[in-house]
Amino acid sequence: MFVLELTYTAPLDAVDAVLPAHVTWLQEQYEKGFFLASGRKDPRDGGVILAVAEDRARIEEVVAGDPFLAAGVCEYRVTEFVATKTAPELARHRQTLG
């Protein structure tokens, strides 16, 4: 499991100009099963995405497709973690330490 932290590197008007394409991209990742939750940070200086993928290389491929990156309006910080405890709705994503 991964926490993807976006930090805006451009003014909000530049971010907002790319937002429709970013939202479309987000929806595509939900449909493919990569994303579990996402939203803006408060204060609005970026966002957070909770994601799943078979490995870090795959999640980095997914992130590389974000229109925000192509437009140069954000940077990503990718943090991998082992989800050993989850809400019942996320039980299929639980992992064991090995």
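Y8 and F68 are both buried, and they make a good place to start looking at this predicted model. The two rings form an edge-to-face aromatic pair, with 6.0 Å from centre to centre and 85 degrees between their planes. This pair joins distant parts of the chain, since Y8 sits in strand β1 (residues 2-8) and F68 in helix α3 (residues 67-70), 60 residues apart.

**A second aromatic pair**

- W25 and F35 also form an edge-to-face pair, at 5.4 Å centre to centre and with 75 degrees between the planes.
- Here too, distant parts of the chain are linked: W25 belongs to helix α1 (residues 12-31) and F35 to strand β2 (residues 35-40), 10 residues apart.
- W25 has a relative accessible area of 5%, which is under the 20% cut-off for buried, so W25 counts as buried.
- F35 has a relative accessible area of 3%, and because this also falls under 20%, F35 is buried as well.
- W25 and F35 have further company: ring pairs link W25, Y30 and F35 into a cluster.
- In total, the chain has three aromatic pairs.

**How the chain is built**

- If you follow the chain through the structure, you will meet three helices and four strands.
- Their order along the sequence is β-α-β-β-α-α-β.
- Contacts between residues 24 or more positions apart make up 66% of the contacts in the chain with a separation of 6 or more.

**Overall dimensions**

- The C-alpha trace spans about 45 × 25 × 20 Å along its principal axes.
- The radius of gyration of the chain is 14 Å, which agrees with the value near 13 Å that a compact globule of 98 residues would have.

**Inside and outside**

- Of the 98 residues in the chain, 33% are buried; Y8 and F68, the pair you met at the start, are both buried.
- On the outside, the chain exposes about 5900 Å².
- Carbon and sulfur atoms supply 53% of that exposed area.

**Charges**

- The chain carries 10 positive and 15 negative side chains.
- The centre of the positive set and the centre of the negative set lie 6 Å apart.

How values were computed. Residues are numbered from 1 along each chain as its sequence is written. This is a predicted model: local features need pLDDT of at least 70, side-chain atom pairs count only at pLDDT 80 or more; totals for chains, interfaces and linings use all residues. Side-chain values use heavy atoms; hydrogens and water are left out. Helices (H or I, at least four residues) and strands (E, at least two) are DSSP runs, numbered from the N terminus. The radius of gyration is taken over C-alpha atoms; the globule rule is 2.2 Å times the number of residues to the power 0.38. Buried means under 20% relative accessible area, exposed over 50%, partly exposed in between (1.4 Å probe, protein chains only). Contact means heavy atoms within 4.5 Å. Accessible areas come from the Shrake-Rupley method with a 1.4 Å probe; for residues, only the protein chains shown count as cover. Lys and Arg count as positive and Asp and Glu as negative; His and the chain ends are not counted. The place of a charge is taken as NZ of Lys, CZ of Arg, CG of Asp or CD of Glu. Rings of Phe, Tyr and Trp (its six-membered ring) pair if their centres lie within 6.5 Å; planes under 30 degrees apart count as stacked, over 60 as edge-to-face and the rest as tilted.
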